[in-house]
Amino acid sequence: TPNLRTPCLNLEHVYAGGPQKSPNLYQGEAGAEVFKLGATTPTGYQRDLPIESGTILIGDERDLVNLILRQLHVVFLKFHNEAIKQLSAEPPTISGIENLGSGTIFERAQRLVRWQYQWIVRHDFLPRILHLSVWNHCSEILRQRSTFRDSFSIPIEFSLAAFRFGHSMVRNAYGLNCRQKRVELTELMALGQEPSPLPDDLVIEWGRFFDGLPASGPVASSSYLDSSIATPLHGLFLPTLR
């Protein structure tokens, strides 16, 4: 079975084909393109994906599978746009830019965002889910290897089976903010694909999902890694299981 997705943690689902191959996602000066954003509030705060002619503009529709993932996707878009802004300043307001290498402002901003994403996976996500002995072994391998092959693939057994272990961590409902303290998973999944601007009451307080950020309620813990999944996931139709 051919795997059409890159196995690298390069945010392919965010950047898609880049400004050249996915121009509908971008705007701005050539070589310093930023992502389009939507749902501007009266104060100028953009908090959602752009919607044109009833269609949500996004690099990978899998990130519309639920409202939480949809808004997290927007966070990465805004991260890229902020990187473009700071790299374009005279002088640039990002320190250590010499480590970003050569290329256009877009390419360097993209590199910065990808590196940050990879840092989060390596230093935050993996230590939380791996046994300490496994994490130490993996860390030692990473320290010994400075480069990795670009041409490798993920076995289909992993991408469609073993990787799905994360589904067991999904809860039946989540609190989004002080007004929406319990939104059922089925509703979150329907709202993620709704081609309309995000309502005020559904804007996520990220402090409810990540440590160290302000929030009006407790951080939502994940369910256990086990052989069970949330009941709403039992009734998904096939296309949603991609």
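**Exercise 1: the cysteines**

Is C138 buried, partly exposed or exposed, and what is its relative accessible area? Then work out why C8 forms no disulfide.

*Solution.* Keep in mind that this is a predicted model.

- Step 1. Start with C138: its relative accessible area is 30%. Buried would need a value under 20% and exposed one over 50%, so C138 lands in the partly exposed class.
- Step 2. Do the same for C8. With a relative accessible area of 29%, C8 is partly exposed as well.
- Step 3. Now look at the sulfurs. The cysteine sulfur closest to that of C8 belongs to C138, and it is 17 Å away. A disulfide calls for sulfur atoms within 2.5 Å, so 17 Å is too far for a bond.
- Step 4. Turn it around: for C138 the nearest cysteine sulfur is that of C8, again at 17 Å, and C138 is in no disulfide.
- Step 5. Check against the whole structure: the search turns up zero disulfides.

**Exercise 2: rings around Y15**

Find out how Y15 and F35 pair, and which parts of the chain the pair ties together.

*Solution.*

- Step 1. Get the overall tally: there are eight aromatic pairs in the model.
- Step 2. Pick out Y15 and F35. Their ring centres are 5.4 Å apart and their planes make an angle of 45 degrees, which puts the pair in the tilted class.
- Step 3. Place both residues. Y15 belongs to helix α1 (residues 12-15) and F35 to strand β2 (residues 34-35), so the pair links parts that are 20 residues apart in sequence.
- Step 4. Check the surroundings. Y15 and F35 are both buried.
- Step 5. Widen the view: Y15 and F35 share one aromatic cluster with Y26 and F106.
- Step 6. Don't forget the charge. R114 has its charged end over the ring of Y15, 5.6 Å from the ring centre.

**Exercise 3: a cavity and a pocket**

Describe the largest cavity and the second largest pocket: what is the volume of each, and which residues line them?

*Solution.*

- Step 1. Count the cavities. Just one cavity reaches 30 Å³ or more.
- Step 2. Size it up: the largest cavity holds about 50 Å³ of space.
- Step 3. List its lining: V14, L25, F35, K36, P50, L57, I58, G59, H73 and L77. F35 from the previous exercise turns up here too.
- Step 4. Sort that lining by class. You get seven nonpolar residues, two polar and one charged.
- Step 5. Move to the second largest pocket, with a volume of about 170 Å³.
- Step 6. Its lining is made up of Y45, R47, Q71, V74, V75, K78, V203, I204 and W206. Helix α3 (residues 67-88) is the top contributor here, with four residues.
- Step 7. By class, this pocket lining splits into six nonpolar, one polar and two charged residues.

**Exercise 4: backbone oddities**

Which peptide bond is cis, and where do L11 and A16, with their positive phi, lie?

*Solution.*

- Step 1. Go to the bond from E90 to P91. This peptide bond is cis, with omega near -5 degrees. P91 sits in the loop between α3 and α4 (105-129).
- Step 2. Take L11. Its phi is positive, about 55 degrees, even though L11 is not a glycine.
- Step 3. Locate L11: it is in the segment before α1. At a relative accessible area of 2%, L11 is buried.
- Step 4. Take A16, another non-glycine with a positive phi, here about 50 degrees. A16 is in the loop between α1 and α2 (18-21), and at 29% relative accessibility it is partly exposed.

**Exercise 5: sequence versus space**

How many residues lie between S22 and I58 in sequence terms, and what separates their C-alpha atoms? Answer the matching question for A39 and G18.

*Solution.*

- Step 1. S22 and I58 are 36 residues apart along the chain, with 9.6 Å between their C-alpha atoms.
- Step 2. Add context for S22. It lies in the loop between α2 and β1 (26-27), and its relative accessible area of 11% makes it buried.
- Step 3. A39 and G18 are 21 residues apart in sequence, and their C-alpha atoms are 23 Å apart.
- Step 4. Add context for A39. It is part of strand β3 (residues 38-40) and is partly exposed, at 23% relative accessibility.

Terms used. Residues numbered from 1 in each chain as written. Predicted model: local features only at pLDDT ≥ 70, side-chain atom pairs only at ≥ 80, totals over all residues. Heavy atoms only, no water. 1 Å grid on protein atoms, 1.4 Å probe; cavity = no way out; pocket = protein on both sides within 12 Å on 5 of 7 lines; lining within 4 Å. Points joined across faces, edges and corners; volume = space filled by probe spheres on them. Nonpolar A, V, L, I, M, F, W, Y, C, P; charged D, E, K, R; others polar. Buried < 20%, exposed > 50% of the residue type's maximum accessible area, 1.4 Å probe, protein only. Phe/Tyr/Trp six-rings, centres within 6.5 Å; stacked < 30°, edge-to-face > 60°. Helix = DSSP H or I, 4+ residues; strand = E, 2+ residues; numbered from the N terminus. Lys NZ or Arg CZ within 6 Å of the ring centre and 35° of its normal.
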